[in-house]
Structure formats: C-alpha cells, structure tokens
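Biologist: I've just opened this one and don't know my way around yet. Could you walk me through it?

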Amino acid sequence: VVWQFSYNTIVIDAIKTIKGRRWDPAIGVKGSWLCPLESLPECIALYTYMGRDPERELKERAKKIVKAYGGGSASDAIIRLL
C-alpha cells in the first residue's frame, strides 16, 4: 500500500501505527509511505476516515485480508491523536 499526500502530521502519526510501514524517499516526487499488503484494512479505514472513498475492489480485498488475518483500524489512531 503506497501513501502519497501533502505533509500532515496527524496522518503521518496514524500511518506510523501500522506495523511494517516505512518511509521511502525514492518513490514519488517527495517520497511515499509504504505499508505491507496485510495492512490494507487499516489503510482503507484511514483513507475512509480522511473522507475518501476507496474503490470497491480494494474494499473486497481488504475484507479477504480481515477474514484471513484479522484486522485493526488506523482511524482509531487518528481519533487518539486528536
């Protein structure tokens, strides 16, 4: 999962709660946050919390990941940070 966005400390702090995430300055114009595929449910929760609407295919894939591995919510991290 690749994250590219304007600098936002709240979103960055939420992404930092995702296990396995890392910053890669070589991806994109200004760098990108990378999260493992199994964190897709958390990433979708965060994306949705930010007022975005993920594509249906991503939501379906996230449901499969939750069923296979369990899942959490990165949006919970944002709420704690606010």
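Modeller: Sure, let's go through the sheet, a helix, the pockets and the charged pairs in turn.

Biologist: Before we begin, what kind of model is this?

Modeller: Keep in mind that nothing here comes straight from an experiment on my desk. What we have is a model that is predicted.

Biologist: Let's start with the sheet. In what order do its strands sit?

Modeller: It's an open sheet of 3 strands, and the pairing is antiparallel. β1 (2-3) and β2 (22-24) stand at the edges with a single partner strand each, so one side of each has no neighbour in the sheet. Reading across, the order is β1-β3-β2.

Biologist: How many bridges join β2 to β3?

Modeller: β3 covers residues 32-34, and β2 runs antiparallel to it. As an example of how they line up, Arg22 has Leu34 in β3 as its bridge partner. The number of bridges joining β2 and β3 is 3.

Biologist: Ser32 caught my eye. Is Ser32 buried or exposed?

Modeller: Ser32 belongs to strand β3. The cut-off for buried is under 20% relative accessible area. Ser32 comes out at 0%, so it counts as buried.

Biologist: And which backbone oxygen does the side chain of Ser32 reach?

Modeller: We've just placed Ser32 in β3. Its side chain reaches out over 3.0 Å, and the backbone oxygen there belongs to Ile27.

Biologist: Now for helix α2. How many of the residues of α2 are buried?

Modeller: α2 spans 40-49 and is mostly covered. The buried ones are Leu40, Pro41, Glu42, Cys43, Ile44, Ala45 and Leu46. Out of the 10 residues of α2, that makes 7.

Biologist: There's a glutamate in that list. What is the relative accessibility of Glu42?

Modeller: Glu42 lies in helix α2. Its C-alpha atom is 9.0 Å from that of Ile15, though the two residues are 27 apart along the chain. Glu42 counts as buried because the cut-off is under 20%, and its relative accessibility is 19%.

Biologist: Which residue with a positive phi follows α2?

Modeller: Look just past the helix for a phi near 90 degrees. The residue that has it is Gly51.

Biologist: On to the pockets. How much space lies in the largest pocket?

Modeller: The lining of the largest pocket has 15 residues, and Val1, Val2, Trp3, Cys43 and Tyr47 lie nearest its centre. By class, the lining divides into 11 nonpolar, 1 polar and 3 charged residues. The space inside is about 260 Å³.

Biologist: Which element gives the most to the lining of the largest pocket?

Modeller: Two elements, β1 and α2, each supply at least two residues of that lining. One of them contributes 4 residues, the most of any, and that's α2.

Biologist: What volume does the second largest pocket have?

Modeller: The second largest pocket is lined by 13 residues, with Gln4, Phe5, Trp23, Lys30 and Gly31 nearest its centre. Its lining has 7 nonpolar, 5 polar and 1 charged residues. The volume is about 200 Å³.

Biologist: Last topic, the charged side chains. How many salt bridges does the structure hold?

Modeller: Side chains of opposite charge can pair when their charged atoms come close. Glu57 and Arg56 are one such pair, at 3.6 Å from N to O. Glu57 is partly exposed, at 47%, while Arg56 counts as exposed, at 57%. The total number of salt bridges is 4.

Biologist: Which residue forms a salt bridge with Lys59?

Modeller: Lys59 is partly exposed, with a relative accessible area of 34%. Its partner is exposed, at 63%. The closest N and O atoms of the two are 3.1 Å apart, and the partner is Asp53.

Biologist: Glu60 and Lys63 pair up too. In which helix do Glu60 and Lys63 lie?

Modeller: The side chains of Glu60 and Lys63 meet in a salt bridge at 3.7 Å, N to O. Glu60 is partly exposed, at 35%, and Lys63 is exposed, at 55%. An α-helix has 3.6 residues a turn, so residues three or four places apart point the same way. These two are 3 residues apart, about one turn, and they both lie in helix α3.

How values were computed:
Residues are numbered from 1 along each chain as its sequence is written. This is a predicted model: local features need pLDDT of at least 70, side-chain atom pairs count only at pLDDT 80 or more; totals for chains, interfaces and linings use all residues. Side-chain values use heavy atoms; hydrogens and water are left out. Buried means under 20% relative accessible area, exposed over 50%, partly exposed in between (1.4 Å probe, protein chains only). Two strands pair if DSSP finds at least two bridges between them. On a 1 Å grid over the protein atoms alone, a cavity is a set of points where a 1.4 Å probe fits but cannot get out, and a pocket is an open set with protein on both sides within 12 Å along at least five of seven lines; lining residues have an atom within 4 Å of a point. Grid points are joined across faces, edges and corners, and a volume is the space filled by probe spheres set on the points. Ala, Val, Leu, Ile, Met, Phe, Trp, Tyr, Cys and Pro count as nonpolar, Asp, Glu, Lys and Arg as charged, and the others, Gly among them, as polar. A polar contact is a pair of N or O atoms within 3.5 Å; within protein, one must be able to donate a hydrogen and the other to accept it, and residues adjacent in sequence count only if both atoms are side-chain atoms.
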